[in-house]
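Here are some notes for a colleague who is opening this structure for the first time. Please keep the sequence and the model in view while reading.

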Amino acid sequence: MSDRPIIPRHGGYRNLHAYKLSEVIHDATVVFCQRFIDPRSRTTDQMIQAARSGKQNIAEGSADAAISKKSELKLTGIARGSLVELEEDYRDYLRQHVFPIWDKDDPRCQKIRAIAFDNSGASNRYRKDINFDPYRKFFEKTSPEIAANTAICLINQATYLLNRLLLKQEHSFIEEGGFTENLYKKRKESRET
């Protein structure tokens, strides 16, 4: 009989860089809305909920992975969709207030993206301690143009990581199967011994 557990390892979402960036995006969006959008506005509620959904669905998908790889994939996709929706809200804000939307190759975007990376010489390695602190000044002390464009940069980083996570989850599902398949295999092995 196989030593492989029926319920696979799951959780650990707090170590995912996509989750950490999503948490930063949620905190940043709360500050942005408090500073620049009417608190009674439907937009405030929508933006904060989209930011929250991006973060929470990563956590829920990770927990659900124990029983359903399909749910894990679906919830990670919903997290990505929520962040894309939030990006559109920031783009709308910039367009409607006649602020420029920075190009992804703009030096200011590169500077913001670089904050998440380890400066120890390892190229393209994310810092383990990604949190809101190094981004705080962009949301608490700058103009709405800088804050919104910073948020878009962070969202693009997070969605890139979520796209990679979805590919990894898809591969895992194909290679290892889901809970129901593994339960069936264990029952079959048990009957054969």
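Which residue follows helix 3, and what is the sign of its phi? Val98 follows helix 3, and its phi is positive, near 55 degrees.

1. This is a predicted model, in which local features need pLDDT of at least 70 and side-chain atom pairs count only at pLDDT 80 or more, while totals for chains, interfaces and linings use all residues. Residues are numbered from 1 along each chain as its sequence is written, and side-chain values use heavy atoms, with hydrogens and water left out.

2. Helix 3 (helices being DSSP runs of H or I with at least four residues, numbered from the N terminus) covers residues 69-96. Its 28 residues reach 41 Å from the first C-alpha to the last, close to the 40 Å expected at 1.5 Å a residue, where the expected span is 1.5 Å times one less than the number of residues.

3. The whole structure holds 10 salt bridges, each defined as a side-chain nitrogen of Lys or Arg within 4 Å of a carboxyl oxygen of Asp or Glu. One of them joins Glu72 and Lys69 at 4.0 Å, N to O, and both residues lie in helix 3, three residues apart, about one turn of the helix. Glu72 is buried at 11% relative accessibility (buried means under 20% relative accessible area, exposed over 50%, partly exposed in between, with a 1.4 Å probe and protein chains only), and Lys69 is buried at 9%.

4. Arg95 and Asp92 also form a salt bridge, with their closest N and O atoms 3.0 Å apart; the two are three residues apart in helix 3, about one helical turn.
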